[in-house]
Amino acid sequence: MGDSTLAGQFFDAAIGLLRRVRDEESGHIAAAGAAVAGAVAAGGRLFAFGAGHSSLAAQDVVYRAGGLAVMNLLAVPGAVGVDVTPATLGSALERVDGLAAAVLDASPARAGDVLFVVSLSGRNALPVEMASHARALGLTVVGVTSVAYAKETTSRHRSGTFLKDHCDVVLDSKIAVGDAELALDGVAAPFGPASTVVTSALMQAVMAAAAEELVRRGVEPPLLRSGNVDGGHEWNVRVMDEYADRIFYRR
């Protein structure tokens, strides 16, 4: 990495985490892929939710080249990324009881659909309630989280539970509490967060497993192509028309 030892260490740490989730979460990835394939084959819809930076991994599988066209972002106003001012408001909204249930009840999600809930800590009210209420409505819930937080921190939900306690499938990102892979003498705070890299990889691995399972079932995966390659736009128009009843981001 040239003159930067720490830059190389960050890559090493991220690669190490990716290897761990590949090897240790393979069964859960396959289970999540099967759930996605089952929903797609049965006419169901797919949704992804994340608050703050966890929203980045959710957005990464929505309306993109090589992605499933029927994956929709379930957005909570003010909690998607860092799109509010002050940014701390988004963090505050994650701790509000009742917000997730209100969003889900107003959404097109229904029994038989699959919802991915992405939350690194899984301790705040928003992801816990999102998962528990979704299951009560009959959705299959896939949680993408770091199980370490449930062992080393306390829940901020009134039930005392974590996201992992309300999921049909849990994908453990293996991220250490604090989400920082690097330290340096003279720097007071640790740095080098790797959660976005690992969580996005987990999400894409599930989509790959789902495509594989759909082919095994004799179903063509409803994948989008890049709009920047010849024929890509026409391909996407066809796919979106065919699955229009399951796509909500185009309206």
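Reader: At about what angle to strand 3 does helix 8 run?
Author: A word on the ground rules: this is a predicted model, in which local features need pLDDT of at least 70 and side-chain atom pairs count only at pLDDT 80 or more, while totals for chains, interfaces and linings use all residues. Residues are numbered from 1 along each chain as its sequence is written, and side-chain values use heavy atoms, with hydrogens and water left out. Helices (H or I, at least four residues) and strands (E, at least two) are DSSP runs numbered from the N terminus, and axes are lines fitted to C-alpha atoms, for helices over the stretch in contact (heavy atoms within 4.5 Å), with angles from 0 to 180 degrees between N-to-C directions. Helix 8 lies across strand 1, strand 2, strand 3, strand 4 and strand 5, and its direction relative to strand 3 is about 165°.

Reader: Which strands does helix 6 lie across?
Author: Helix 6 covers residues 125–136 and runs at about 165° to strand 3. The strands that helix 6 lies across are strand 1 (46–50), strand 3 and strand 4.

Reader: And in what order do the strands of the sheet stand?
Author: Strands count as paired if DSSP finds at least two bridges between them. Here 5 strands form an open sheet with parallel pairing. Strand 2 (71–73) and strand 5 are its edges, each pairing on one side only, and neighbouring strands are turned against each other by 20° on average, direction ignored. The order is 2-1-3-4-5.

Reader: Which residue of strand 4 stands opposite Val114?
Author: Strand 3 (residues 114–118) and strand 4 (residues 140–145) pair in the parallel sense over 5 bridges. Opposite Val114, strand 4 places Thr140.

Reader: How many salt bridges does a search of the whole structure find?
Author: A salt bridge here is a side-chain nitrogen of Lys or Arg within 4 Å of a carboxyl oxygen of Asp or Glu. One of them joins Arg217 to Glu213, with the closest N and O atoms 2.9 Å apart. Searching the whole structure gives 13.

Reader: How far apart in sequence are the parts that the pair of Lys174 and Glu25 ties together?
Author: The salt bridge between Lys174 and Glu25 has its closest N and O atoms 2.9 Å apart. Lys174 is in the loop between strand 5 (169–172) and helix 8 (195–216), and Glu25 in the loop between helix 1 (5–24) and helix 2 (26–41), so the parts tied together are separated in sequence by 149 residues.

Reader: Is Lys174 buried or exposed?
Author: Buried means under 20% relative accessible area and exposed over 50%, with partly exposed in between (1.4 Å probe, protein chains only). Asp172, which forms a salt bridge with Lys174 at 3.6 Å between the closest N and O atoms, is itself buried at 14%. Glu25 is buried too. With a relative accessibility of 15%, Lys174 counts as buried.

Reader: Which residues are linked with Lys174 in a network of salt bridges?
Author: Two of the links have come up already, those of Lys174 with Glu25 and with Asp172. The residues in the network with Lys174 are Arg20, Glu24, Glu25 and Asp172.

Reader: What is phi of Lys174 near?
Author: Most residues other than glycine have a negative phi. Tyr63, in the loop between helix 3 (54–59) and strand 2, has a positive phi near 50°, and Tyr63 is exposed at 54% relative accessible area. Lys174 also has a positive phi, near 70°.

Reader: Which side chain of opposite charge is nearest to Glu129?
Author: Lys and Arg count as positive and Asp and Glu as negative, with His and the chain ends not counted. Glu129 lies in helix 6 and is buried without a salt bridge. Its side chain reaches the backbone nitrogen of Gly98 at 2.7 Å. The nearest side chain of opposite charge, 4.9 Å away, is Arg158.

Reader: What separates the C-alpha atoms of Ala180 and Gly192?
Author: Ala180 is in the loop between strand 5 and helix 8 and is partly exposed at 24% relative accessible area. Not counting residues up to four places away in sequence, Ala180 touches Pro190, Phe191, Gly192 and Pro193. Ala180 and Gly192 are 12 residues apart along the chain, and their C-alpha atoms are separated by 4.9 Å.

Technical notes:
Polar contact = N/O pair within 3.5 Å; in protein donor to acceptor, adjacent residues only side chain to side chain.
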